[in-house]
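Let's take a walk through this model together, one piece at a time. Have the sequence and the 3D view open as you read.

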Amino acid sequence: MTAAQHPTLWLTGLSGAGKTSIALALAQALKAQGHAATVLDGDQLRHGLNRDLGFTPEDRHENIRRTAEVARLMNEAGLIVIAAFISPYRSDRAMAGAIIGAERYVEVHVSTPLAVCEARDVKGLYAKARAGQLAQFTGVSAPYEAPLDAALTLDTQALALEESVERICLYLKQRQQQ
């Protein structure tokens with residue numbers, strides 16, 4: 001098996017953009033096609049492996065570093081990894097790519113407008129951030145640096161969940177044929 005067959009798809013975007021929904025649906029689709037796939041979700045890892053980390057730039061960096069190391073190990077074990085993380089800093093995503101390996105790392109920008117993300121916010125995080133109750137909240141009181149050269153860009157305002165998954169699956173198929 002080649003590195004192209006066991007990539008890490010790094011889904012980055014604002015809170016509420018649809019990263020986790022896409023990741024879970026994509027994992028299900030890949031498994032249905034006979035691939036071994038798993039999801040690393042930012043919220044889930046913050047309840048376990050990364051529970052000691054906050055949301056300072058330094059803690060966000062360490063969160064991404066740890067996740068990239070886990071993704072690399074999973075890729076080497078033969079799994080397709082779908083990482084769903086806000087990962088707001090380009091430098092941290094570049095570090096993740098270096099850890100995982102350029103031949104395996106696929107950056108997917110879930111490029112959903114802030115207003116749409118706020119409207120979808122079932123947890124009320126944006127309202128809390130705007131009220132000053134959540135410090136360092138990406139998109140409100142902390143920056144989000146959009147990718148400059150993502151392998152794929154998905155605007156979930158315009159694309160249905162199934163369309164986003166189909167685009168990623170098509171990308172993976174074309175990548176494997178190269």
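A residue is called exposed when its relative accessible area is over 50%, and buried when that area is under 20%. With those cut-offs in hand, please keep in mind that this is a predicted model.

Helix H7, residues 161–177, is a nice place to try the two words out. Among its residues, Ser-164, Val-165, Ile-168, Cys-169, Leu-172 and Arg-175 are buried. Viewed down the axis of H7, these buried residues fall within an arc of 130°, so they line one face of the helix. Turn to the other side of H7 and you find Glu-162, Glu-166, Lys-173 and Gln-177, which are exposed. The cover over the buried residues of H7 includes strands E1, E4 and E5 together with helix H1. As for its length, H7 has 17 residues and reaches 25 Å from its first C-alpha to its last, close to the 24 Å expected at 1.5 Å a residue.

Now let's look at the sheet. Strands of a sheet pair through backbone hydrogen bonds, either parallel or antiparallel. Here there are five strands in an open sheet, ordered E2-E3-E1-E4-E5, and the pairing is parallel. Strand E2 (37–41) and strand E5 (152–154) are the edges, each pairing on one side only. On average, neighbouring strands of this sheet are turned by 20° against each other, direction ignored. H7 packs on this sheet, where it touches E1 (8–12), E4 and E5, and its direction makes about 170° with that of E5.

We can follow the strand order from one edge to the other. E2 and E3 pair in the parallel sense over five bridges, and Leu-40 has Ala-83 in E3 as its bridge partner. E3 also pairs with E1, again in the parallel sense, over four bridges; there, Trp-10 stands opposite Ala-83. Towards the other edge, strand E4 (residues 105–110) pairs with E5 in the parallel sense over three bridges, with His-109 partnered by Thr-153 in E5.

How enclosed are E2 and E3 by the rest of the structure? In E2, four of the five residues are buried, so this edge strand is largely enclosed by the rest of the structure. In E3, five of the five residues are buried, so E3 too is largely enclosed. Both faces of E3 are covered: Ile-80, Ile-82 and Ala-84 are buried on one side, and Val-81 and Ala-83 are buried on the other.

Which residues touch the most other members of the largest nonpolar core? In this core of 29 residues, they are Leu-9, Leu-11, Leu-26, Leu-30, Ile-82, Val-108 and Ile-168. At least two core residues come from each of E1, H1, E2, E3, E4, helix H6 (125–130), E5 and H7. H1 gives the largest share, six residues. Leu-9 shows how these parts meet: leaving aside neighbours within four places in sequence, Leu-9 is in contact with Leu-26, Ile-80, Val-81, Ile-82, Ala-83, Val-106, Val-108, Ile-168 and Leu-172. Apart from this core lies another, of 14 residues, which include Trp-10, Ala-71, Met-95 and Ile-99.

Let's pause at Ala-27, which sits in helix H1 (residues 19–32). Ala-27 is buried, with a relative accessible area of 5%, because that value is under the 20% cut-off. Not counting residues up to four places away in sequence, Ala-27 touches Ala-37, Val-39 and Ile-82. Glu-58 lies 31 residues from Ala-27 along the chain, and their C-alpha atoms are separated by 30 Å.

Our last stop is helix H3, residues 57–76. At 1.5 Å a residue, its 20 residues should span 28 Å, and the end C-alpha atoms are 29 Å apart, which agrees. The buried residues of H3 are Arg-60, Glu-62, Asn-63, Ile-64, Arg-66, Thr-67, Ala-68, Ala-71 and Asn-75. Among the elements that cover them are E1, E2, helix H2 (42–46), strand E3 (80–84) and helix H4 (90–100). Just after H3, Gly-78 takes a positive phi of about 100°.

Conventions: Residues numbered from 1 in each chain as written. Predicted model: local features only at pLDDT ≥ 70, side-chain atom pairs only at ≥ 80, totals over all residues. Heavy atoms only, no water. Pairing = 2+ DSSP bridges. Axes fitted to C-alpha atoms, helices over the stretch in contact; angles between N-to-C directions. Contact = heavy atoms within 4.5 Å. Buried < 20%, exposed > 50% of the residue type's maximum accessible area, 1.4 Å probe, protein only. Expected span 1.5 Å × (residues − 1). Core = buried A, V, L, I, M, F, W, Y, C linked by side-chain atoms within 4.5 Å. Arc of directions from axis to C-beta.
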